[in-house]
Amino acid sequence: MSFMEKLKTEDMTEGSIAPKLLVFAFPIMFSSLFYLVYSLADSFVVGRFVSGNALAAVSVTGNATYLLYSFVGGINMGSSVIMAQACGAKNHVKMKKVLATSIWVLGGLAILFTILGITLGGAILRLIQTPEDIFEMARAYMTIIFAGTLSTVFYDWLAAILRAFGNSFVPLLCLIASGVMNVILDLVFVLCFGMGIEGAAWATVISQASSGVVCFYYAWIHFPVFHLKKNELCPDWNVLKKILLIGIPAAVQDSIITVSNMVLQGVMNTYGTIVVLAYGIVSKYELVCMQVGDALGNAIATFTGQNIGAEKLDRVSRSVKITTLLNFAGYAIVSPLIYIFAERCMGVFTNDSQAIAVGSQFLRVYAVFFPALGILILFQNLLRSAGDIRATICMGICEVCARSAFSLGLPLFLKAAGLPLVSPFTWLTSMLLGLFFYLSGHWKKKRLL
(Lines give C-alpha, C1' and ligand atoms only; values in the text may rest on other atoms or scores of the structure.)
Protein backbone atom coordinates (compact mmCIF):
# COMPACT_ATOMS: atom_id res chain seq x y z
CA MET A 1 0.00 0.00 0.00
CA SER A 2 1.39 3.38 -0.99
CA PHE A 3 1.91 6.31 1.35
CA MET A 4 -1.02 8.18 -0.21
CA GLU A 5 -3.31 5.19 0.30
CA LYS A 6 -2.29 4.92 3.93
CA LEU A 7 -3.31 8.51 4.47
CA LYS A 8 -6.69 7.93 2.81
CA THR A 9 -6.12 10.89 0.50
CA GLU A 10 -6.90 11.74 -3.10
CA ASP A 11 -3.82 11.86 -5.35
CA MET A 12 -4.66 14.60 -7.85
CA THR A 13 -1.47 14.21 -9.84
CA GLU A 14 -2.86 11.20 -11.75
CA GLY A 15 -6.07 10.28 -13.55
CA SER A 16 -8.96 12.20 -15.12
CA ILE A 17 -9.16 15.83 -14.01
CA ALA A 18 -12.89 16.62 -14.02
CA PRO A 19 -14.02 13.68 -11.82
CA LYS A 20 -11.30 14.41 -9.25
CA LEU A 21 -12.24 18.09 -9.09
CA LEU A 22 -15.93 17.32 -8.71
CA VAL A 23 -15.47 14.57 -6.12
CA PHE A 24 -13.25 16.91 -4.12
CA ALA A 25 -15.38 20.04 -4.62
CA PHE A 26 -18.78 18.68 -3.59
CA PRO A 27 -17.83 17.90 0.03
CA ILE A 28 -16.19 21.32 0.29
CA MET A 29 -19.31 23.04 -0.99
CA PHE A 30 -21.55 21.19 1.43
CA SER A 31 -19.03 21.80 4.24
CA SER A 32 -19.13 25.51 3.54
CA LEU A 33 -22.91 25.49 3.42
CA PHE A 34 -23.12 23.77 6.77
CA TYR A 35 -20.53 26.21 8.11
CA LEU A 36 -22.92 28.96 7.11
CA VAL A 37 -25.63 27.22 9.10
CA TYR A 38 -23.98 28.77 12.16
CA SER A 39 -24.68 32.33 11.12
CA LEU A 40 -27.89 31.54 9.23
CA ALA A 41 -29.32 29.72 12.24
CA ASP A 42 -28.37 32.65 14.46
CA SER A 43 -29.97 35.08 12.02
CA PHE A 44 -33.16 33.04 11.65
CA VAL A 45 -33.70 32.43 15.36
CA VAL A 46 -32.75 35.98 16.37
CA GLY A 47 -34.82 37.58 13.60
CA ARG A 48 -37.89 35.46 14.24
CA PHE A 49 -37.84 35.10 18.03
CA VAL A 50 -35.96 38.15 19.37
CA SER A 51 -36.40 41.24 17.15
CA GLY A 52 -35.55 42.87 13.85
CA ASN A 53 -33.00 45.08 15.60
CA ALA A 54 -31.33 42.00 17.05
CA LEU A 55 -31.02 40.54 13.54
CA ALA A 56 -29.50 43.80 12.29
CA ALA A 57 -27.04 43.64 15.22
CA VAL A 58 -25.94 40.11 14.25
CA SER A 59 -25.59 41.16 10.60
CA VAL A 60 -23.49 44.25 11.27
CA THR A 61 -20.86 42.23 13.16
CA GLY A 62 -19.99 40.12 10.11
CA ASN A 63 -17.24 42.26 8.58
CA ALA A 64 -15.95 43.34 11.98
CA THR A 65 -15.34 39.78 13.16
CA TYR A 66 -13.94 38.70 9.80
CA LEU A 67 -11.44 41.57 9.85
CA LEU A 68 -9.48 39.91 12.65
CA TYR A 69 -10.17 36.33 11.55
CA SER A 70 -8.85 37.09 8.07
CA PHE A 71 -5.26 37.29 9.26
CA VAL A 72 -5.46 33.88 10.90
CA GLY A 73 -7.17 32.58 7.77
CA GLY A 74 -4.33 33.85 5.60
CA ILE A 75 -1.71 31.99 7.65
CA ASN A 76 -3.93 28.93 7.49
CA MET A 77 -3.96 29.28 3.72
CA GLY A 78 -0.16 29.43 3.70
CA SER A 79 0.04 26.20 5.69
CA SER A 80 -2.40 24.51 3.34
CA VAL A 81 -0.52 25.56 0.19
CA ILE A 82 2.84 24.30 1.48
CA MET A 83 1.24 21.09 2.76
CA ALA A 84 -0.40 20.42 -0.63
CA GLN A 85 2.92 20.86 -2.45
CA ALA A 86 4.69 18.59 0.06
CA CYS A 87 1.90 16.05 -0.36
CA GLY A 88 2.18 16.20 -4.15
CA ALA A 89 5.92 15.59 -3.84
CA LYS A 90 5.13 12.74 -1.37
CA ASN A 91 7.60 14.23 1.12
CA HIS A 92 6.51 12.75 4.48
CA VAL A 93 9.19 14.54 6.51
CA LYS A 94 8.24 17.92 5.09
CA MET A 95 4.57 17.25 5.79
CA LYS A 96 5.32 16.72 9.49
CA LYS A 97 7.38 19.90 9.60
CA VAL A 98 4.50 21.88 8.06
CA LEU A 99 2.08 20.37 10.56
CA ALA A 100 4.21 21.18 13.61
CA THR A 101 5.03 24.70 12.45
CA SER A 102 1.43 25.54 11.68
CA ILE A 103 0.36 24.43 15.17
CA TRP A 104 2.66 26.98 16.78
CA VAL A 105 1.95 29.93 14.54
CA LEU A 106 -1.85 29.47 14.35
CA GLY A 107 -2.20 28.70 18.04
CA GLY A 108 -0.35 31.89 18.95
CA LEU A 109 -2.37 33.97 16.52
CA ALA A 110 -5.66 32.55 17.78
CA ILE A 111 -4.84 33.63 21.34
CA LEU A 112 -3.65 37.05 20.18
CA PHE A 113 -6.75 37.77 18.14
CA THR A 114 -9.06 36.58 20.90
CA ILE A 115 -7.61 39.32 23.09
CA LEU A 116 -7.69 41.93 20.32
CA GLY A 117 -11.23 41.08 19.29
CA ILE A 118 -12.63 41.34 22.80
CA THR A 119 -10.84 44.60 23.58
CA LEU A 120 -11.32 46.35 20.22
CA GLY A 121 -14.77 45.11 19.22
CA GLY A 122 -16.61 48.19 20.40
CA ALA A 123 -14.16 50.53 18.67
CA ILE A 124 -14.59 48.68 15.38
CA LEU A 125 -18.37 48.95 15.61
CA ARG A 126 -18.05 52.67 16.26
CA LEU A 127 -15.71 53.01 13.28
CA ILE A 128 -18.29 51.59 10.87
CA GLN A 129 -21.00 53.90 12.29
CA THR A 130 -23.17 51.18 13.81
CA PRO A 131 -26.61 52.66 14.64
CA GLU A 132 -27.07 53.37 18.35
CA ASP A 133 -30.25 51.31 18.64
CA ILE A 134 -28.34 48.11 17.84
CA PHE A 135 -24.84 48.95 19.12
CA GLU A 136 -24.98 47.24 22.53
CA MET A 137 -26.51 44.06 21.13
CA ALA A 138 -23.88 43.95 18.38
CA ARG A 139 -21.05 44.39 20.89
CA ALA A 140 -22.40 41.65 23.18
CA TYR A 141 -22.71 39.22 20.28
CA MET A 142 -19.27 40.01 18.89
CA THR A 143 -17.54 39.68 22.28
CA ILE A 144 -18.78 36.12 22.71
CA ILE A 145 -17.86 35.18 19.13
CA PHE A 146 -14.32 36.46 19.66
CA ALA A 147 -14.09 34.53 22.92
CA GLY A 148 -14.47 31.39 20.80
CA THR A 149 -11.73 32.27 18.30
CA LEU A 150 -9.55 29.33 19.32
CA SER A 151 -12.30 26.82 18.56
CA THR A 152 -12.93 28.39 15.15
CA VAL A 153 -9.24 28.38 14.22
CA PHE A 154 -8.84 24.81 15.48
CA TYR A 155 -11.45 23.41 13.09
CA ASP A 156 -10.36 25.60 10.15
CA TRP A 157 -6.76 24.43 10.59
CA LEU A 158 -7.72 20.76 10.63
CA ALA A 159 -10.02 21.14 7.63
CA ALA A 160 -7.34 22.95 5.61
CA ILE A 161 -4.70 20.31 6.37
CA LEU A 162 -7.00 17.41 5.49
CA ARG A 163 -8.03 19.10 2.24
CA ALA A 164 -4.37 19.64 1.36
CA PHE A 165 -4.02 15.85 1.65
CA GLY A 166 -6.96 15.48 -0.71
CA ASN A 167 -9.56 14.54 1.92
CA SER A 168 -12.57 16.86 1.85
CA PHE A 169 -15.17 14.39 3.13
CA VAL A 170 -14.28 14.22 6.83
CA PRO A 171 -14.61 18.01 7.41
CA LEU A 172 -18.06 17.80 5.81
CA LEU A 173 -19.26 15.12 8.23
CA CYS A 174 -17.95 17.06 11.22
CA LEU A 175 -19.73 20.21 10.10
CA ILE A 176 -23.02 18.44 9.45
CA ALA A 177 -23.03 17.23 13.04
CA SER A 178 -22.03 20.61 14.46
CA GLY A 179 -24.51 22.45 12.21
CA VAL A 180 -27.36 20.37 13.60
CA MET A 181 -26.04 21.02 17.11
CA ASN A 182 -25.95 24.76 16.45
CA VAL A 183 -29.60 24.86 15.40
CA ILE A 184 -30.67 22.88 18.46
CA LEU A 185 -28.62 25.03 20.85
CA ASP A 186 -29.94 28.24 19.21
CA LEU A 187 -33.49 27.18 19.93
CA VAL A 188 -32.71 25.96 23.45
CA PHE A 189 -30.71 29.04 24.52
CA VAL A 190 -33.02 31.62 22.91
CA LEU A 191 -36.46 30.07 23.34
CA CYS A 192 -36.09 27.95 26.48
CA PHE A 193 -33.54 29.96 28.47
CA GLY A 194 -34.42 33.41 27.10
CA MET A 195 -30.75 34.31 26.53
CA GLY A 196 -31.50 36.45 23.46
CA ILE A 197 -28.66 37.40 21.13
CA GLU A 198 -26.04 36.17 23.62
CA GLY A 199 -27.56 32.69 23.53
CA ALA A 200 -27.21 32.57 19.74
CA ALA A 201 -23.54 33.54 20.05
CA TRP A 202 -22.83 30.84 22.66
CA ALA A 203 -24.55 28.25 20.48
CA THR A 204 -22.18 29.14 17.65
CA VAL A 205 -19.05 28.91 19.80
CA ILE A 206 -19.98 25.58 21.38
CA SER A 207 -20.87 24.04 18.01
CA GLN A 208 -17.62 25.18 16.42
CA ALA A 209 -15.59 23.73 19.28
CA SER A 210 -17.39 20.41 18.92
CA SER A 211 -16.63 20.18 15.19
CA GLY A 212 -12.93 20.77 15.87
CA VAL A 213 -12.76 18.06 18.55
CA VAL A 214 -14.51 15.46 16.38
CA CYS A 215 -12.35 16.30 13.35
CA PHE A 216 -9.15 16.03 15.38
CA TYR A 217 -10.19 12.66 16.82
CA TYR A 218 -10.70 11.27 13.34
CA ALA A 219 -7.44 12.75 12.05
CA TRP A 220 -5.49 11.31 14.99
CA ILE A 221 -6.92 7.83 14.44
CA HIS A 222 -6.63 7.64 10.65
CA PHE A 223 -3.78 9.94 9.58
CA PRO A 224 -0.28 8.86 10.70
CA VAL A 225 1.25 12.24 9.89
CA PHE A 226 -0.53 13.68 12.96
CA HIS A 227 1.45 11.37 15.26
CA LEU A 228 4.24 13.82 15.95
CA LYS A 229 7.00 12.74 18.31
CA LYS A 230 8.35 15.14 20.91
CA ASN A 231 11.38 16.08 18.80
CA GLU A 232 9.08 16.73 15.81
CA LEU A 233 6.95 19.33 17.59
CA CYS A 234 9.47 22.16 17.22
CA PRO A 235 8.70 24.70 14.46
CA ASP A 236 10.89 24.56 11.36
CA TRP A 237 12.06 28.08 10.51
CA ASN A 238 12.48 27.39 6.80
CA VAL A 239 8.94 26.04 6.60
CA LEU A 240 7.70 28.98 8.69
CA LYS A 241 9.27 31.40 6.23
CA LYS A 242 7.46 29.72 3.33
CA ILE A 243 4.16 29.64 5.21
CA LEU A 244 4.49 33.35 5.93
CA LEU A 245 5.53 34.02 2.34
CA ILE A 246 2.08 32.81 1.27
CA GLY A 247 0.16 33.53 4.46
CA ILE A 248 1.02 37.16 5.16
CA PRO A 249 0.08 38.47 1.69
CA ALA A 250 -3.08 36.34 1.81
CA ALA A 251 -3.88 37.71 5.27
CA VAL A 252 -3.19 41.29 4.23
CA GLN A 253 -5.27 40.79 1.09
CA ASP A 254 -8.22 39.40 3.04
CA SER A 255 -7.85 42.09 5.71
CA ILE A 256 -7.82 45.01 3.32
CA ILE A 257 -10.69 43.48 1.35
CA THR A 258 -12.59 43.29 4.63
CA VAL A 259 -11.73 46.94 5.25
CA SER A 260 -13.25 47.78 1.86
CA ASN A 261 -16.32 45.75 2.84
CA MET A 262 -16.48 47.82 6.01
CA VAL A 263 -16.37 50.99 3.90
CA LEU A 264 -19.41 49.65 2.06
CA GLN A 265 -21.02 48.65 5.36
CA GLY A 266 -20.36 52.16 6.66
CA VAL A 267 -22.11 53.66 3.64
CA MET A 268 -25.02 51.25 4.15
CA ASN A 269 -25.27 52.24 7.81
CA THR A 270 -25.86 55.89 6.86
CA TYR A 271 -29.10 54.84 5.13
CA GLY A 272 -30.67 53.59 8.38
CA THR A 273 -31.59 50.34 10.10
CA ILE A 274 -33.87 49.12 7.29
CA VAL A 275 -31.01 49.12 4.77
CA VAL A 276 -28.66 47.60 7.36
CA LEU A 277 -31.17 44.81 7.97
CA ALA A 278 -31.71 44.19 4.24
CA TYR A 279 -28.01 44.21 3.40
CA GLY A 280 -27.26 41.88 6.31
CA ILE A 281 -29.69 39.30 4.95
CA VAL A 282 -28.38 39.76 1.40
CA SER A 283 -24.86 39.14 2.70
CA LYS A 284 -26.00 35.78 4.06
CA TYR A 285 -27.29 34.74 0.65
CA GLU A 286 -24.16 36.09 -1.01
CA LEU A 287 -22.11 33.75 1.18
CA VAL A 288 -24.38 30.84 0.35
CA CYS A 289 -24.29 31.45 -3.40
CA MET A 290 -20.55 31.97 -3.57
CA GLN A 291 -20.06 28.40 -2.29
CA VAL A 292 -20.24 27.11 -5.86
CA GLY A 293 -17.20 29.19 -6.80
CA ASP A 294 -15.55 28.70 -3.41
CA ALA A 295 -15.81 24.90 -3.57
CA LEU A 296 -14.35 24.80 -7.08
CA GLY A 297 -11.71 27.33 -6.01
CA ASN A 298 -10.65 25.16 -3.07
CA ALA A 299 -10.58 22.13 -5.33
CA ILE A 300 -8.32 23.82 -7.84
CA ALA A 301 -6.13 25.12 -5.00
CA THR A 302 -5.36 21.60 -3.78
CA PHE A 303 -5.14 20.36 -7.37
CA THR A 304 -2.66 23.13 -8.23
CA GLY A 305 -0.56 22.60 -5.13
CA GLN A 306 -0.22 18.85 -5.61
CA ASN A 307 0.49 19.06 -9.34
CA ILE A 308 3.02 21.86 -8.97
CA GLY A 309 4.71 19.75 -6.28
CA ALA A 310 4.74 16.86 -8.78
CA GLU A 311 5.89 19.22 -11.58
CA LYS A 312 2.83 18.60 -13.79
CA LEU A 313 1.94 22.10 -14.93
CA ASP A 314 0.01 20.92 -17.98
CA ARG A 315 -2.60 19.36 -15.69
CA VAL A 316 -3.02 22.69 -13.91
CA SER A 317 -3.69 24.51 -17.18
CA ARG A 318 -6.26 21.93 -18.22
CA SER A 319 -7.94 22.14 -14.82
CA VAL A 320 -8.57 25.89 -15.29
CA LYS A 321 -10.64 25.30 -18.42
CA ILE A 322 -12.59 22.48 -16.79
CA THR A 323 -13.23 24.44 -13.58
CA THR A 324 -14.41 27.48 -15.54
CA LEU A 325 -17.00 25.37 -17.34
CA LEU A 326 -18.11 23.79 -14.06
CA ASN A 327 -18.45 27.26 -12.55
CA PHE A 328 -20.78 28.46 -15.30
CA ALA A 329 -22.78 25.24 -15.10
CA GLY A 330 -23.24 25.67 -11.35
CA TYR A 331 -24.37 29.28 -11.58
CA ALA A 332 -26.68 28.46 -14.47
CA ILE A 333 -28.74 26.76 -11.74
CA VAL A 334 -28.10 29.04 -8.74
CA SER A 335 -28.46 32.49 -10.31
CA PRO A 336 -31.92 32.01 -11.88
CA LEU A 337 -33.26 30.58 -8.60
CA ILE A 338 -32.04 33.62 -6.63
CA TYR A 339 -33.37 36.03 -9.25
CA ILE A 340 -36.84 34.46 -9.38
CA PHE A 341 -37.30 33.86 -5.65
CA ALA A 342 -35.62 37.00 -4.31
CA GLU A 343 -38.62 38.15 -2.24
CA ARG A 344 -39.16 34.72 -0.76
CA CYS A 345 -35.47 34.48 0.14
CA MET A 346 -35.70 37.76 2.04
CA GLY A 347 -38.96 36.71 3.67
CA VAL A 348 -37.29 33.74 5.34
CA PHE A 349 -35.49 36.09 7.75
CA THR A 350 -37.79 39.09 8.13
CA ASN A 351 -41.41 40.20 7.75
CA ASP A 352 -40.45 43.85 7.19
CA SER A 353 -41.84 44.75 3.75
CA GLN A 354 -39.38 47.61 3.24
CA ALA A 355 -36.37 45.40 4.00
CA ILE A 356 -37.72 42.71 1.68
CA ALA A 357 -38.09 45.22 -1.16
CA VAL A 358 -34.60 46.66 -0.70
CA GLY A 359 -32.97 43.26 -0.32
CA SER A 360 -34.71 41.84 -3.39
CA GLN A 361 -33.12 44.55 -5.54
CA PHE A 362 -29.69 43.56 -4.25
CA LEU A 363 -30.26 39.84 -4.81
CA ARG A 364 -31.41 40.24 -8.41
CA VAL A 365 -28.37 42.34 -9.34
CA TYR A 366 -26.02 39.94 -7.53
CA ALA A 367 -27.55 36.93 -9.32
CA VAL A 368 -26.46 38.30 -12.70
CA PHE A 369 -22.84 38.72 -11.57
CA PHE A 370 -22.34 35.54 -9.50
CA PRO A 371 -20.49 33.75 -12.37
CA ALA A 372 -17.88 36.54 -12.36
CA LEU A 373 -17.45 36.06 -8.61
CA GLY A 374 -16.86 32.34 -9.16
CA ILE A 375 -14.14 32.96 -11.77
CA LEU A 376 -12.52 35.54 -9.49
CA ILE A 377 -12.31 32.96 -6.69
CA LEU A 378 -10.86 30.44 -9.13
CA PHE A 379 -7.98 32.72 -10.16
CA GLN A 380 -7.29 33.80 -6.56
CA ASN A 381 -6.94 30.20 -5.40
CA LEU A 382 -4.89 29.03 -8.36
CA LEU A 383 -2.38 31.89 -8.24
CA ARG A 384 -2.05 31.67 -4.45
CA SER A 385 -1.49 27.89 -4.51
CA ALA A 386 1.09 28.32 -7.25
CA GLY A 387 2.96 30.78 -5.01
CA ASP A 388 2.49 33.83 -7.23
CA ILE A 389 2.45 36.34 -4.39
CA ARG A 390 2.69 39.45 -6.54
CA ALA A 391 -0.42 38.55 -8.51
CA THR A 392 -2.55 37.86 -5.44
CA ILE A 393 -1.41 41.08 -3.77
CA CYS A 394 -2.27 43.08 -6.87
CA MET A 395 -5.69 41.44 -7.06
CA GLY A 396 -6.30 42.28 -3.42
CA ILE A 397 -5.32 45.91 -3.91
CA CYS A 398 -7.51 46.08 -7.00
CA GLU A 399 -10.49 44.69 -5.11
CA VAL A 400 -10.02 47.14 -2.24
CA CYS A 401 -9.65 50.15 -4.49
CA ALA A 402 -12.55 49.13 -6.71
CA ARG A 403 -14.97 48.42 -3.85
CA SER A 404 -14.01 51.60 -2.00
CA ALA A 405 -14.34 53.71 -5.15
CA PHE A 406 -17.66 52.13 -6.13
CA SER A 407 -18.95 52.38 -2.53
CA LEU A 408 -18.34 56.12 -2.46
CA GLY A 409 -18.90 56.94 -6.13
CA LEU A 410 -22.00 55.01 -7.19
CA PRO A 411 -24.26 56.29 -4.36
CA LEU A 412 -23.01 59.79 -5.10
CA PHE A 413 -24.41 59.64 -8.62
CA LEU A 414 -27.19 57.05 -8.30
CA LYS A 415 -28.15 57.49 -4.63
CA ALA A 416 -29.42 54.28 -2.99
CA ALA A 417 -29.92 52.68 -6.43
CA GLY A 418 -26.14 52.50 -6.81
CA LEU A 419 -25.59 50.36 -3.69
CA PRO A 420 -26.52 46.98 -5.28
CA LEU A 421 -23.92 47.56 -8.03
CA VAL A 422 -20.92 48.06 -5.73
CA SER A 423 -19.93 44.43 -5.09
CA PRO A 424 -20.78 43.11 -8.60
CA PHE A 425 -18.67 45.79 -10.30
CA THR A 426 -15.86 44.97 -7.87
CA TRP A 427 -16.01 41.25 -8.69
CA LEU A 428 -15.89 41.92 -12.41
CA THR A 429 -12.91 44.29 -12.15
CA SER A 430 -10.85 41.91 -10.00
CA MET A 431 -11.77 38.91 -12.15
CA LEU A 432 -10.39 40.60 -15.28
CA LEU A 433 -7.12 41.34 -13.48
CA GLY A 434 -6.90 37.70 -12.36
CA LEU A 435 -7.40 36.56 -15.94
CA PHE A 436 -4.54 38.81 -17.01
CA PHE A 437 -2.15 37.33 -14.43
CA TYR A 438 -3.12 33.79 -15.33
CA LEU A 439 -2.59 34.34 -19.06
CA SER A 440 0.80 35.96 -18.35
CA GLY A 441 2.12 32.54 -17.23
CA HIS A 442 4.36 33.90 -14.46
CA TRP A 443 2.65 31.60 -11.93
CA LYS A 444 4.33 28.60 -13.58
CA LYS A 445 7.72 29.69 -12.19
CA LYS A 446 6.70 30.05 -8.54
CA ARG A 447 7.10 26.52 -7.12
CA LEU A 448 7.97 26.81 -3.41
CA LEU A 449 9.34 23.33 -2.57
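Over which ring does the charged end of Arg-126 sit? In this predicted model, the ring is that of Phe-135, and the charged end of Arg-126 lies 3.8 Å from its centre. A second case of this kind involves Arg-364, whose charged end sits over the ring of Tyr-339 at 5.6 Å from the ring centre.

The chain as a whole gives the setting for these details. Its secondary structure consists of 16 helices and zero strands. The radius of gyration is 21 Å, close to the 22 Å that the globule rule gives for 449 residues, so the chain is as compact as a globular protein of that length. Taken along the principal axes, the box filled by the C-alpha atoms is roughly 60 × 45 × 35 Å. Of the 449 residues, 59% count as buried. Many contacts link distant parts of the sequence: among those between residues at least 6 apart, 83% join residues at least 24 apart.

Aromatic residues come next. The model has 18 aromatic pairs. One of them is formed by Tyr-366 and Phe-370, which meet edge-to-face, with 6.4 Å from centre to centre and 80° between the planes. Both residues belong to helix H14, which covers residues 353-386, and they are four residues apart, about one turn of the helix. Tyr-366 and Phe-370 are both buried. The pair of Tyr-438 and Trp-443 has another geometry: the ring centres are 5.7 Å apart and the planes stand at 15°, so this pair is stacked. Tyr-438 counts as buried because its relative accessibility, 13%, is under the 20% cut-off. Trp-443 is buried too, with a relative accessible area of 1%.

Tyr-366 and Phe-370 also take part in a wider grouping. Together with Tyr-279, Tyr-331, Phe-362 and Trp-427, they form one aromatic cluster.

Helix H14 leads on to its packing against helix H15. Two packed helices are described by the angle between their axes and the distance between the axes. For H14 and H15 the angle is about 145°, and the axes are 9 Å apart. On the H14 side, the residues that meet H15 are Leu-376, Phe-379, Gln-380, Leu-383 and Arg-384, and on the H15 side they are Ala-391, Thr-392, Met-395 and Glu-399. By type, the residues of this contact divide into five nonpolar, two polar and two charged.

Further along H15, which spans residues 389-414, is Ser-407. Is Ser-407 buried or exposed? Its relative accessible area is 1%, so Ser-407 is buried. Which residues does Ser-407 touch, leaving aside its neighbours within four places in sequence? They are Val-263, Leu-264, Val-267 and Val-422.

Val-180 offers another setting. This residue is placed in helix H7, which runs over residues 169-192. With a relative accessible area of 45%, Val-180 is partly exposed, because that value falls between the 20% limit for buried and the 50% limit for exposed. How many residues along the chain separate Val-180 from Gln-129? The two are 51 residues apart, and their C-alpha atoms are separated by 34 Å.

Conventions: Residues numbered from 1 in each chain as written. Predicted model: local features only at pLDDT ≥ 70, side-chain atom pairs only at ≥ 80, totals over all residues. Heavy atoms only, no water. Helix = DSSP H or I, 4+ residues; strand = E, 2+ residues; numbered from the N terminus. Buried < 20%, exposed > 50% of the residue type's maximum accessible area, 1.4 Å probe, protein only. Contact = heavy atoms within 4.5 Å. Phe/Tyr/Trp six-rings, centres within 6.5 Å; stacked < 30°, edge-to-face > 60°. Lys NZ or Arg CZ within 6 Å of the ring centre and 35° of its normal. Axes fitted to C-alpha atoms, helices over the stretch in contact; angles between N-to-C directions. Nonpolar A, V, L, I, M, F, W, Y, C, P; charged D, E, K, R; others polar. Rg over C-alpha atoms; globule rule 2.2 N^0.38 Å.
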